[in-house]
Amino acid sequence: MDKLLTKAQETHNLSKSEIIELLNSDGSDLFYLADEIREKYVGNEVHLRGLIEFSNICKCTCKYCGIRCSNKKIQRYRMLPDDIINLAGKAYDTGFKTVVLQSGEDSYYTRNVMCDIIKEIKKLDIALTLSIGERSYEDYKAFKDAGADRYLLRIETTDRNLYKTLHPNMDFDNRLRCLKDLKSLGYETGTGCLVGLPGQSIESLADDIIFFKSMNADMIGLGPFLPHPQTPLKDCAAGSFDLALKVMAITRLLLPDINIPATTAMETINPDGRLIALKSGANVFMPNVTDRVYTSKYEIYPNKSGIDATQNDIISEIEQKLQTIGRMVSYTKGCRKQI
Ligand code: SF4
């Protein structure tokens, strides 16, 4: 094990069998090393991204997702462009240097509608991340030309068969095409996976990590699978917090300079989950700054953590939490600085 960690520390490369060995380990040395590498390459500051969940309307039917279109039990909402722009302005005034606009795959927000929103928000000195799903190359190009800086699109799993089972109306190759387009257009591109999906193997998680490395992802978002009661996977066991943490820590070893959020899913499954993640390789926090009237309705998984804070007290609360682990809030845009 020591030899493996030394190799990872020196080369930032591991074979699939070595990754599997680490995934099967107890993790303690791995988490310690991931924390050291995080400090060496991206420092002690934690970048904040203000998350705006602007529509929970989605045409897709991902089997694990609480806002899949076939869930008729949730109340749907769609924010107006002006409301999205105002909320981004409020986040900026509060101190956020990045906002993330996230939604289901909602065709109301056409290329032109999105470009107008992006251009307005980019009048502020703020980085803008989009997380609005699969679009055409032309859409991605237009959003980039309008000023968008980053794009998040999780691959969810690189196991083609599992992907097909979980995403009935989606095409794995199109997802890959989207990620390739985003990279080629110069976005800081984020991806990631769900850990502990029913039918997912340790080998396939190792493939996911190798995929992150091979595409040179700029951001990786990971979380344990959490069964939502209004989905076909409601009776499946949740993913393991420890395994999700190991996938995250190994990703830090292989991609030492990228941005890795301590996700809300980590905190939903473990009350200290986000702080533990920050001590095991993560360097980003994505607090939800959407108005409270909407946050409870954007329920991809149940009992989502951190949806009660108001925008005004979010940053001071985070500062206090970070102090307990010797970390501090970054007041920069927090772009990836590649080594
Ligand atoms: S995971 Fe994303 S694309 Fe799939 S149903 Fe949920 S919001 Fe839609």
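Ala, Val, Leu, Ile, Met, Phe, Trp, Tyr, Cys and Pro count as nonpolar, Asp, Glu, Lys and Arg as charged, and the others, Gly among them, as polar. The model used in these exercises is predicted.

**Exercise 1. The ligand shell**

Find which residues are closest to the ligand, and how the shell divides by residue class.

*Solution.* Start with the count: ten residues surround the ligand. Next, pick out the closest: Cys58, Cys60, Cys62, Cys65 and Gly104. Then sort the shell by class. Six of its residues are nonpolar, two are polar and two are charged.

**Exercise 2. The sheet**

Work out the strand order of the sheet and explain which strands stand at its edges.

*Solution.* The sheet is open and has six strands. Their order is S2-S3-S4-S5-S6-S7, with parallel pairing. Strand S2 (50-55) and strand S7 (219-224) each have a single partner strand, so they stand at the edges, and one side of each lacks a neighbour in the sheet. From one strand to the next, the twist averages 20°.

Now look inside the sheet. S5 (residues 150-152) pairs with S6 (residues 188-195) in the parallel sense, over three bridges. Here Arg150 stands opposite Glu188 in S6.

**Exercise 3. Two packed helices**

Describe how H4 (residues 81-94) packs against H5 (residues 111-121).

*Solution.* Take the geometry. The angle is about 25°, and the axes lie 10 Å apart. Angles under 35 degrees count as roughly parallel, so H4 is roughly parallel to H5. Their crossing is right-handed.

Then list the contact. From H4 come Pro81, Ile84, Ile85 and Ala88; they meet Val113, Asp116, Ile117, Glu120 and Ile121 in H5. By class, the contact holds seven nonpolar residues, no polar ones and two charged ones.

Definitions and conventions: Residues are numbered from 1 along each chain as its sequence is written. This is a predicted model: local features need pLDDT of at least 70, side-chain atom pairs count only at pLDDT 80 or more; totals for chains, interfaces and linings use all residues. A residue is near a molecule or strand if its C-beta atom, placed from the backbone, lies within 6 Å of it. Two strands pair if DSSP finds at least two bridges between them. Helices (H or I, at least four residues) and strands (E, at least two) are DSSP runs, numbered from the N terminus. Axes are lines fitted to C-alpha atoms, for helices over the stretch in contact, and angles run from 0 to 180 degrees between N-to-C directions. Angles under 35 degrees count as roughly parallel, over 145 as roughly antiparallel, 65 to 115 as roughly perpendicular and the rest as oblique. A crossing is left-handed if the near helix is turned anticlockwise from the far one by less than a right angle, and right-handed if clockwise. Two residues are in contact if their C-beta atoms, placed from the backbone, lie within 7 Å.
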